[in-house]
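Here is a short tour of one protein, going from the overall picture to a few local details. Please keep the sequence and the 3D view open as you read.

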Amino acid sequence: MSTLEPPPLAHVAQRASRRAPGPAALAAFLDALAAALPADRVSTVASARLAASRDGAYLSPLLSAVLPERLADVVVRPDDTGQLQAVVRLAHAHGVPVVPRGRGTGNYGQAVPLAGGVVVDLSDADRVLEVGNGWIHAQAGATFVALEAAARRTGQEIAMMPTTVGSTIGGFLGGGAGGLGSIEHGWLWDGFVQALEVVGCPPQDEPRRVYGAQCLPYLHAYGVTGIIATATVKLAPARDWTAVLASFPGPAGADATRAGLALLRLDPAPRLVSVDEPALVATYPADPALPAGRHSLRAVVDTGVVDALAGIVAAHGGRVDKVDPGAVGYVSTLSFNHVTLRAKKARPELCHLQVGGAPLVADPDAVRAAVPGSMLHLDGMRPFLDPADPVRGRGFGGLLLAPFHDAATLYAGVERLRELGVHVVDPHTWLLDGPALPGIRAAAAANDPQGLLNPGKLPPL
């Protein structure tokens, strides 16, 4: 497939729909569910099925055009691993597809049931099970709000979390990548996940327990390799965080970016650093701490380094507009894909790409020129110093937002970005991709030989 072409999603969706259960199989499955689970755990109500069959894919003009209208046939909300295993065991016996779901805050159709079947909503399996020194063990439906509260009671905090803190740990591990804390602690794959309990299809007598590197095929795999029942993830010593909003003059924004790079090397490391150009700031609700016509730099830092941060900002020609410990949550929602959500409220025609690599800092004008009318948002990443790492070696990744015209224009821009050396992650596909894909395929074949787990999310061979 040429990089000038979008993935053949309509064909994939049509192929996945062939896995939909027939009327007799579905009826038998529903009868078996009714006998096995409490009535309040199972719903075939149309509104519940609709809510469980949608996520944030509406942010993409391409995905919203090709996602099928088919709904889940039934929604099940297990509250423990035993109930989850019972659902998957019955689904396997009757040939019914199974799609796991957390809070549904993903943006790529990961949790959309392309073949109907049963959506397993794990948000009621939400208990924090145990907290230890450097780790926390919880059910898949536990939210990061609950995880952070439990960790804080022991003088610790979640090492890394999504900016949507109401997300569940299982949903984040199955469909996320990084977020708050990634500057210091990296991504899902960088030692954040210590252990998992996973339910395959068919389930074993006990969940599969995997540790360390064994967890990798289950991360950002959309549940095709198995459904995460519990997770043990990394904690760090708790810090006293505060939000700082600063701004910089000038049309180029190089001073703001250089200041951001310097902030990434503070000790202790920031929890978040984001940089926006004036045109992107103009799409946000008015805020004196986001002054019009200036580049915005926002950070969440240890209170002990606020003076050092102010010195860095001043040395690069900027000014600090606000310091507020109570604004940590607000500043977090001006980062990562929250930016797309905010910008599209003001300019619905915008379309986003996820970008990374040295050109974002070395030649941002060329990056913008590759997709006409685009604006660049930057988020700080772990500042690897290896120049051979084109994605994470220079300290920033981010988003490119531009008016959407059509798929051909968008993917021609993707081709130009890649020619510049920009790493582009396509947010307009539900198909799994990347270097982990071979391991995900192998684990899916071993743990789900009938291909019933979230069918249609692995790219065709």
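How many positive and how many negative side chains does the protein have, and how far apart do the centres of the two sets lie? There are 37 positive and 41 negative side chains, and the two centres are 2 Å apart. Please bear in mind throughout that this is a predicted model.

**The overall picture**

The protein contains 18 helices and 18 strands. Its C-alpha trace spans about 70 × 50 × 40 Å along the principal axes. The radius of gyration is 22 Å, which agrees with the value near 23 Å that a compact globule of 461 residues would have. Of those 461 residues, 56% count as buried. The surface that the protein exposes comes to about 17600 Å², and carbon and sulfur atoms supply 57% of it. As for how the chain meets itself, take the contacts with a separation of 6 or more: residues 24 or more positions apart account for 74% of them.

**Strand β17 and its partners**

A good place to zoom in is strand β17, residues 396–403. Seven of its eight residues are buried, so β17 is largely enclosed by the rest of the structure. Strand β15 (residues 350–356) pairs with β17 in the antiparallel sense, over seven bridges. Strand β16 (residues 375–380) also pairs with β17 in the antiparallel sense, here over six bridges.

Two bridge pairs help to place L401 of β17: H352 has L401 as its bridge partner, and so does M375. Elsewhere in β17, G398 is the bridge partner of L378.

Which way do the residues of β16 point? M375, H377 and D379 point one way, while L376, L378 and G380 point the other way. In a regular strand the side chains alternate between the two faces of the sheet. For β16, the residues pointing in both directions are buried, and the strand is mostly covered, with six of its six residues buried.

β16 has a further neighbour in β12, and three bridges join these two antiparallel strands. In this pairing, S274 stands opposite D379 of β16.

**Helix α14 against the strands**

What do the buried residues of helix α14 pack against? The helix covers residues 338–346, and its buried residues are H338, V339, T340, A343 and K344. They pack against the strands β15, β16 and β17, and also against the helices α11 (278–281) and α13 (328–332). An α-helix has 3.6 residues a turn, so residues three or four places apart point the same way. If you follow α14 in the viewer, the strands discussed above come back into view: β15, β16 and β17 are among the elements that its buried residues pack against.

**Backbone details worth a look**

Some peptide bonds and phi angles deserve a visit of their own. The table collects them with their locations.

| Feature | Value | Location |
|---|---|---|
| Cis peptide bond, C201 to P202 | omega about 10° | P202: loop between β8 (193–199) and β9 (208–211) |
| Cis peptide bond, D267 to P268 | omega near 5° | P268: loop between α10 (254–263) and β12 (272–276) |
| Positive phi, H220 | phi about 50° | H220: loop between β9 and β10 (227–237) |
| Positive phi, N454 | phi near 50° | N454: segment after α18 (437–447) |

Neither H220 nor N454 is a glycine. Is N454 buried or exposed? Its relative accessibility is 1%, so N454 counts as buried, the cut-off being under 20%.

**A buried cysteine in a loop**

The loop between β9 and β10, where H220 is found, also holds C215. This cysteine is buried, with a relative accessible area of 1%. Which residues does C215 touch, leaving aside those up to four places away in sequence? They are V193, Q194, A195, L196 and V210. C215 can also be placed relative to L188: the two are 27 residues apart in sequence, and their C-alpha atoms are 10.0 Å apart in space.

Note on methods: Residues numbered from 1 in each chain as written. Predicted model: local features only at pLDDT ≥ 70, side-chain atom pairs only at ≥ 80, totals over all residues. Heavy atoms only, no water. Helix = DSSP H or I, 4+ residues; strand = E, 2+ residues; numbered from the N terminus. Rg over C-alpha atoms; globule rule 2.2 N^0.38 Å. Buried < 20%, exposed > 50% of the residue type's maximum accessible area, 1.4 Å probe, protein only. Contact = heavy atoms within 4.5 Å. Areas by Shrake-Rupley, 256 points an atom, 1.4 Å probe, with all protein chains shown as cover. Lys, Arg positive; Asp, Glu negative; His and termini not counted. Charge placed at Lys NZ, Arg CZ, Asp CG, Glu CD. Pairing = 2+ DSSP bridges.
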